[in-house]
Amino acid sequence: MLFRSLACDSLIVRVGLSFRNMLFVGDGIGPESLNALRQAIRAARAAGARMSVLDVVADLQTDDEELRSHAATLGAKLIEERETTLRRLVDEAGGGPDVKVVAGKGIDEIVRAVRVEGFDLVAKSSILGRLSHMIWGALDLKLLRACPAPVWLIRDDHAETVARVVVAVDATGESGFALRILRMAADFATRMGAALHVVTVAVTDQWLYPGLGGDANRSTVRRDFVDRFHALLDEVPMDLTDVILEGMPAECILDY
């Protein structure tokens with residue numbers, strides 16, 4: 001599983017305080033994702049957290065007056081059928097979470113729900129497990145970039161027991177954001193009895209970062225990068241595996 005966070009300025013996480021309000025993104029899941037749903041439900045119960053399931057279907061609104069009533073009827077039918085399917089899956093996975101289906105654009109509706117409902121963790125069955133170990137789905141990537149809360153991507157082809165948690169942090173970014181997501185992952189791993197791996201990626205591509213300059217400057221930049229990373233880890237009092245990779249972040253994290 002992977003934790004990643006961007007722009008979570010409204011999230012407050014302390015050591016010993018886990019998430020309290022989790023959202024599981026349906027994203028068209030079916031029986032193949034029951035394992036991921038079970039893991040999310042188990043984690044919510046372990047943390048004593050509220051959990052909701054949200055899915056988004058296409059918005060069939062139209063400007064054509066002759067088609068408007070038909071579109072509204074069909075849209076309502078799509079929502080009803082999807083809610084029925086999700087409730088059945090939730091029951092099969094152990095029950096508990098509320099289920100809601102809305103019409104709109106996936107990422108927009110998810111971000112809106114996170115902000116309005118105050119979700120402090122967003123979980124999702126990753127396409128990573130459904131198609132290939134080298135592919136993330138389009139919504140996965142959008143969530144990693146735009147979600148205002150930490151994102152937990154769950155491999156639904158893995159064992160139901162959480163054995164290893166990977167948290168990806170940017171050692172050169174805003175340290176407050178990185179520390180918040182790191183503390184949440186550490187607390188999560190502790191509650192689940194899992195090993196914690198903390199990964200950061202040193203970008204070495206001079207085409208992307210021309211300021212890296214020559215070998216001497218790159219060496220200085222790397223030392224600063226390593227120092228920042230280790231200073232961040234010192235704030236989390238637990239045994240963990242720390243990993244510094246080099247290359248393009250998305251590729252390196254997936255390979256790891």
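Is R112 buried, partly exposed or exposed? R112 is partly exposed, its relative accessible area being 44%. That residue returns in point 5 below; here is a friendly tour, in numbered points, of what you have in front of you.

1. Please keep in mind that this is a predicted model. Its protein chain contains eight helices and nine strands. There are 256 residues in the chain, and 47% of them count as buried.

2. A word on the chain as a whole. When contacts between residues at least 6 apart in sequence are considered, 79% of them join residues at least 24 apart. The surface that the protein chain exposes comes to about 12900 Å², and 51% of this is supplied by carbon and sulfur atoms.

3. For a look at the interior, try A43, which sits in helix 1 (residues 34-47). Its relative accessibility is 2%, so A43 counts as buried, the limit being under 20%. With residues up to four places away in sequence set aside, A43 touches F19, M22, W152, F188 and M192. Another partner to look at is V162: this residue is 119 residues from A43 along the chain, yet 9.3 Å separates the two C-alpha atoms.

4. Next come the salt bridges, of which the structure holds eight. Side chains of opposite charge can pair when their charged atoms come close. One example joins R82 to D55, with 2.6 Å between the closest N and O atoms. This pair links distant parts of the chain, as R82 belongs to helix 2 and D55 to strand 3, 27 residues apart. Both partners are worth checking for exposure: R82 counts as buried at 13% relative accessibility, and D55 is buried as well, at 5%.

5. Back to R112, whose side chain meets that of E109 in a salt bridge (2.8 Å, N to O). Why are these two about one helical turn apart? Because R112 and E109 are three residues apart in helix 3. While R112 is partly exposed, E109 counts as buried at 17% relative accessibility.

6. A further salt bridge brings together the side chains of R183 and E235, at 3.8 Å from N to O. Here too the pair links distant parts of the chain: R183 lies in helix 6 (residues 175-192), whereas E235 lies in the loop between helix 7 (215-233) and strand 9 (241-246), 52 residues apart. R183 counts as partly exposed at 21% relative accessibility, and E235 is partly exposed at 41%. Elsewhere, D27, K124 and D140 are joined into one network by salt bridges that share partners.

7. Which residues gather in a patch of negative charge on the surface? They are D63, D64, E65 and E66. Of these, D63 can be found in the loop between strand 3 (50-57) and helix 2 (65-93). D63 has a relative accessible area of 75%, which means that this residue is exposed, the limit being over 50%.

8. Finally, have a look at G118, placed in the loop between helix 3 (106-117) and strand 5 (121-125). G118 is partly exposed, with 41% relative accessible area. Apart from neighbours within four places in sequence, G118 is in contact with N21 and A113. Its C-alpha atom is 9.6 Å from that of L23, a residue 95 residues away along the chain.

Notes: Residues are numbered from 1 along each chain as its sequence is written. This is a predicted model: local features need pLDDT of at least 70, side-chain atom pairs count only at pLDDT 80 or more; totals for chains, interfaces and linings use all residues. Side-chain values use heavy atoms; hydrogens and water are left out. Patches are made of residues with over 30% relative accessible area and no salt bridge: like charges are joined within 9 Å, nonpolar side chains (Val, Leu, Ile, Met, Phe, Trp, Tyr) within 5 Å. Accessible areas come from the Shrake-Rupley method with a 1.4 Å probe; for residues, only the protein chains shown count as cover. A salt bridge is a side-chain nitrogen of Lys or Arg within 4 Å of a carboxyl oxygen of Asp or Glu. Lys and Arg count as positive and Asp and Glu as negative; His and the chain ends are not counted. The place of a charge is taken as NZ of Lys, CZ of Arg, CG of Asp or CD of Glu. Helices (H or I, at least four residues) and strands (E, at least two) are DSSP runs, numbered from the N terminus. Buried means under 20% relative accessible area, exposed over 50%, partly exposed in between (1.4 Å probe, protein chains only). Contact means heavy atoms within 4.5 Å.
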